[in-house]
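The report that follows is concerned with aromatic contacts, with charges placed over rings, and with backbone angles that deserve a second look. Please keep the sequence and the model open while reading.

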Amino acid sequence: MHNEEDMVAVTLEAVLQADNLAVAWQAVKANHGAAGVDGMGISQTQAHLEKHWEKIARKLLAGEYRPAAVRAVEISKPQGGVRVLGIPNVQDRVIQQAIHQKLSPLWEAEFSDHSYGFRPNRSAHDAIRAANGFVKSGKTWVVDIDLKSYFDEVNHDRLMRLVGQKSRDKRLLRLIGNYLRAPMQQLDGQRHKRQKGTPQGGPLSPLLANIYLDELDKELEKRGLSFVRYADDVAIFASSPRSAERIRASVVAWIEKHLKVPVNREKSGSGPVDESALLGFRLYSDGRIGVSPKAIRNLKDKVRELWDAQQSLTSKQLREQWQQYILGWWNYFKLADWRREVEDLSGWIRRHMRKCFWLRWKTPLGRINALKRLGVKGRSLGIGYTGFGAWAVAHYHAMHQALSKATLNRFGFVIPWDFAKASP
């Protein structure tokens, strides 16, 4: 535990030190984040703070500062689905980041080695490797605990009692409480007050989420369980179905009693690791790491969306959009050493590309001219007059000749795992 001196040091004055604020500003600036409800970006906020910071600092120190509402933004999860973020304005992000920089080191020293989410020098890949280690040791049954809408359900009173363990500065604690309660401005402009939850989107929320769940980590450690936690994803590994089910029942009961967070019983359960998924990956009982079926389905849905010919994008924009998505996807999932389901999609994805370009060429003359430019000659050009649908045409020899794998790669329409497979 930290001594009295450490706790006293985490004051609002320490948070607002010039060097701490300078580091916070650089961190927020480097993230290139979106504007908040005030519509002010980085440069506008910089001008505003240069002019008004002294007044803002006085309000903060007097306990009179009120954070702005957070802006609701929907983003796609890497494994599929949508997450709603609450984006504070840039000014509030800087203040939150400054608080984070002072509180985080104190908590980091005590956080569990089994916790991987939103922590320095730790990643989802580290969590998967650790989980795979448990599986290889013979713990081939897994208990999945799904905390229902966790980031929306955090109990503010309980959280603030925990935060108070590291600071007794009432002004700082009140400021953090105000950030927790800042209203959420929805997509339609309506604002909703918040009495619980710590919405993702601000620099402070991930730390607060880990502080709240640290007690769970400590309880699981005390029980000697093999587990990994990444934010609100909790997976506990056991050596038999009976043991897994016993763990599931007792841990769910403990969470609901002590954390006051509902557990989604429909999504929580126990079973063989081969039939479960963790952070988009599938762990096999023989030690392989694969991509989960849901992640594959989500990838296919995204391919259909990105290669929809009705988008009014140039070929360059199509390429940039595709690369941004697929390179990010592959950077996440390349940890998998069992890739058959992914590699089997290569031809199907290229067929979607060819279908998209065929539809974009629109008319028989446009299609024939495009095919000529791509090296198709003679009778093969007759495909330009076909009445067959675009999906069928995308499979024709002439389209494979025009938009071969090599040609698509040359123009930047890459499938990254093909290169990984080809490399020694």
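Where is the place of Lys362? In this predicted model, Lys362 is found in the loop between H15 and helix H16 (364-373). The phi of Lys362 is near 65°, a positive value in a residue other than glycine, and with a relative accessibility of 64% Lys362 counts as exposed. Most residues other than glycine have a negative phi.

A second residue with a positive phi is Asn121, which is not a glycine either and has a value of about 60°. Asn121 belongs to the loop between helix H5 (90-108) and helix H6 (124-136), and because its relative accessibility of 81% is above the 50% cut-off, Asn121 counts as exposed.

The aromatic side chains form the next topic. The structure holds 18 aromatic pairs. One of them joins Trp358 and Trp361, whose ring centres are 6.5 Å apart and whose planes meet at 70°, so that this pair is edge-to-face, given that planes over 60 degrees apart are assigned to that class. Both tryptophans sit in helix H15 (residues 346-361), and because they are 3 residues apart there, about one helical turn separates Trp358 from Trp361. Trp358 and Trp361 are both buried.

Phe388 and Tyr396 also make an edge-to-face pair, because their planes are at 70°, with the ring centres 6.4 Å apart. As for the surroundings of this pair, Phe388 counts as exposed at 56% relative accessibility, whereas Tyr396, at 28%, counts as partly exposed.

Ring pairs also link several residues into a cluster, which consists of Phe281, Trp329, Trp330, Tyr332, Phe333 and Trp417.

Which charged residues lie over the face of a ring, and at what distance from the ring centre? Two such placements are listed in the table below.

| Charged residue | Ring below the charge | Distance from the ring centre |
|---|---|---|
| Lys166 | Trp107 | 4.8 Å |
| Arg288 | Tyr284 | 4.3 Å |

Put in words, Lys166 is positioned over the face of Trp107, and Arg288 is positioned over the face of Tyr284.

To return to the accessibility of the residues discussed, the values give a graded picture: Trp358 and Trp361 are buried, Tyr396 is partly exposed, and Phe388 is exposed, as are the loop residues Asn121 and Lys362.

Methods: Residues numbered from 1 in each chain as written. Predicted model: local features only at pLDDT ≥ 70, side-chain atom pairs only at ≥ 80, totals over all residues. Heavy atoms only, no water. Phe/Tyr/Trp six-rings, centres within 6.5 Å; stacked < 30°, edge-to-face > 60°. Helix = DSSP H or I, 4+ residues; strand = E, 2+ residues; numbered from the N terminus. Buried < 20%, exposed > 50% of the residue type's maximum accessible area, 1.4 Å probe, protein only. Lys NZ or Arg CZ within 6 Å of the ring centre and 35° of its normal.
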